Amino acid sequence: RAKDRLDEARDILRGLEAGLLIVHRPAWTVEEIDAHARRLANGRKVGAVLVDYLQRIPAPAGGRYDRRDIEVSTVARALKALAVDLSIPVVAGCQINRESVPQGYREKLSKAESYEAARETIKGARPLLSHLREGGAEQEADLVLGLLNYAADFQTDTEEESRAVPEVTRLEVGSLKNRGGIPGRWTSLAYYGRSNYIRDPENAWENF
């Protein structure tokens with residue numbers, strides 16, 4: 001039951017609370033993020049730094065940035081140095097360009113009578129490395145992952161009323177860049193929309 005799954009997720013989160021620190025500082029520069037992470041690492045074990053999201057982080061003050069991509073690349077370089085110095089993963093979310101939407105994509109989705117009929121169209125909208133907004137950060141990254149939420153695309157890319165979406169839909173994760181492996185590979189996960197729960201597809205409904 002949905003309530004049982006929520007209770008299970010709540011218990012898992014309670015067990016992680018002691019090791020999870022959420023810092024809400026929207027105006028912090030990359031220098032302030034760096035300094036805060038290093039201070040924490042002096043007194044406790046830091047397993048990873050998660051940043052949401054890259055394009056919101058101001059570059060170091062005093063620098064000269066003729067283009068926006070240079071500014072974003074400078075931020076990414078500072079985060080990469082933090083990862084190397086602390087020997088931890090630093091993960092930063094990143095937006096993609098609106099121009100990455102395939103030609104005729106929204107029209108095709110609007111004509112799809114059901115989620116099942118729209119799946120092949122949605123699959124064609126997988127992001128590419130070149131689709132990253134304000135590019136430049138990908139040069140510093142060891143791994144870039146792309147996400148494709150089938151339910152979100154099907155439900156929002158129409159001007160009509162929200163269409164019926166199955167309880168379990170597909171969430172795809174693909175390697176857009178991978179210095180330690182092969183890029184261009186995608187895998188599917190099962191996404192439970194009501195609870196925002198993600199799990200292996202083998203446990204999901206058929207034809208998710």
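Let me begin with helix α1, residues 2-16, which supplies the largest share of the lining of the largest cavity, namely 4 residues; helices here are DSSP runs of H or I with at least four residues, and strands are runs of E with at least two, both numbered from the N terminus. Before going on, I should say that this is a predicted model, in which local features need pLDDT of at least 70 and side-chain atom pairs count only at pLDDT 80 or more, while totals for chains, interfaces and linings use all residues. Residues are numbered from 1 along each chain as its sequence is written, and side-chain values use heavy atoms, with hydrogens and water left out.

The structure holds 1 cavity of 30 Å³ or more, and the space in the largest cavity is about 30 Å³. On a 1 Å grid over the protein atoms alone, a cavity is a set of points where a 1.4 Å probe fits but cannot get out, whereas a pocket is an open set with protein on both sides within 12 Å along at least five of seven lines, and lining residues have an atom within 4 Å of a point. Around the largest cavity the lining consists of R5, E8, A9, I12 and Y197, that is, 3 nonpolar, no polar and 2 charged residues.

I12 appears again on the surface, where I12, L13 and L16 form a nonpolar patch with about 300 Å² of accessible area together, and L16 is likewise placed in helix α1.

Turning to the pockets, the largest has a volume of about 1,400 Å³, a volume being the space filled by probe spheres set on grid points that are joined across faces, edges and corners. Of the 45 residues that line this largest pocket, G93, C94, Q95, L132 and L145 are the closest to its centre, and the largest share of the lining, 7 residues, comes from β3. The lining of the largest pocket divides into 29 nonpolar, 7 polar and 9 charged residues.

The second largest pocket holds about 910 Å³ of space, and of the 28 residues lining this second pocket, L21, V23, V49, L50 and V51 are the closest to its centre. Here α2 gives the most to the lining, with 4 residues.

Which residue forms a salt bridge with D7? The partner is K3, with the closest N and O atoms 3.0 Å apart, a salt bridge being a side-chain nitrogen of Lys or Arg within 4 Å of a carboxyl oxygen of Asp or Glu. Both K3 and D7 lie in helix α1, 4 residues apart, about one turn of the helix. K3 counts as exposed at 51% relative accessibility, whereas D7 is partly exposed at 27%; buried means under 20% relative accessible area, exposed over 50%, and partly exposed in between, with a 1.4 Å probe and protein chains only.

In helix α3, E71 and R68 meet in a salt bridge at 3.3 Å, N to O. A further salt bridge joins E140 and R77, whose closest N and O atoms are 3.4 Å apart. E140 lies in the loop between α5 (115-123) and β3, and R77 in helix α3, so this pair ties together parts that are 63 residues apart in sequence. E140 counts as buried at 17% relative accessibility, while R77, at 42%, counts as partly exposed. Finally, salt bridges that share partners join K3, D7 and R10 into one network.

Definitions and conventions:
Ala, Val, Leu, Ile, Met, Phe, Trp, Tyr, Cys and Pro count as nonpolar, Asp, Glu, Lys and Arg as charged, and the others, Gly among them, as polar. Patches are made of residues with over 30% relative accessible area and no salt bridge: like charges are joined within 9 Å, nonpolar side chains (Val, Leu, Ile, Met, Phe, Trp, Tyr) within 5 Å. Accessible areas come from the Shrake-Rupley method with a 1.4 Å probe; for residues, only the protein chains shown count as cover.
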